[in-house]
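User: Hey, could you walk me through this one? I'd like to go over the strands, the core and any ring pairs.

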Amino acid sequence: MERMNDEGQWIVLMGFIVSVSIFFLAFLINQSVLVGQTTSEAVLEFPKTEIQDVRDISSEIFRIEDNGTKNTLTDELLLLSLTRSNSVSELSEGTPGDNALYDYTEILIHFNNGITTYDESYNLFTKK
């Protein structure tokens, strides 16, 4: 019986393994590009500056002593947010509290522009 030459089978098997490895690496690179694009789109759509503007205005509004102007300014902020960025911003005052040095008021901010909904609460401190 003639001797069989099986070295060709190893070449075919190694070629198959290398081609599957290249396909797997190409798949990983493709997925990383898609994830990067989705992440960057989400970062661009997040209304960071609009929320910062609402936070700055809210701290000024709630520092004003309430003689009727606070409600007027809150209504104007709501109207401004609706006309400029088609978003809804609501401000409300939470539970007040105090400690030895400061009185504080909890400020609640609700922001919704149809894509992003954002809720935040922070304490506004005033010295005793």
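Analyst: Sure. One definition to start: two strands pair if DSSP finds at least two bridges between them. Also keep in mind that this is a predicted model.

User: Okay, so how do β1 and β2 pair, and over how many bridges?

Analyst: They run antiparallel, with nine bridges between β1 (residues 88-98) and β2 (residues 102-112).

User: And what joins β1 to β2?

Analyst: A hairpin of three residues. As for who faces whom, D98 sits opposite D103 in β2.

User: Switching topic: which residues make up the largest nonpolar core?

Analyst: Ten residues: I51, V54, I61, L77, L91, I107, I109, F111, Y122 and L124. Elements giving two or more residues to this core are α2 (48-63), β2 and β3 (117-127).

User: How many aromatic pairs are there?

Analyst: The count is one. F46 and Y118 have ring centres 6.1 Å apart and planes at 80°, and since over 60 degrees counts as edge-to-face, that's what this pair is.

User: Where do F46 and Y118 lie?

Analyst: F46 is in the loop between α1 (7-45) and α2, while Y118 is in strand β3, so the pair ties together parts 72 residues apart in sequence.

User: Why does Y118 count as partly exposed rather than buried?

Analyst: Buried means under 20% relative accessible area, and Y118 comes in at 22%, so Y118 counts as partly exposed. F46 is partly exposed too, with a relative accessible area of 38%.

Key: Residues are numbered from 1 along each chain as its sequence is written. This is a predicted model: local features need pLDDT of at least 70, side-chain atom pairs count only at pLDDT 80 or more; totals for chains, interfaces and linings use all residues. Side-chain values use heavy atoms; hydrogens and water are left out. Helices (H or I, at least four residues) and strands (E, at least two) are DSSP runs, numbered from the N terminus. A nonpolar core is a set of buried Ala, Val, Leu, Ile, Met, Phe, Trp, Tyr and Cys residues joined through side-chain atoms within 4.5 Å. Buried means under 20% relative accessible area, exposed over 50%, partly exposed in between (1.4 Å probe, protein chains only). Rings of Phe, Tyr and Trp (its six-membered ring) pair if their centres lie within 6.5 Å; planes under 30 degrees apart count as stacked, over 60 as edge-to-face and the rest as tilted.
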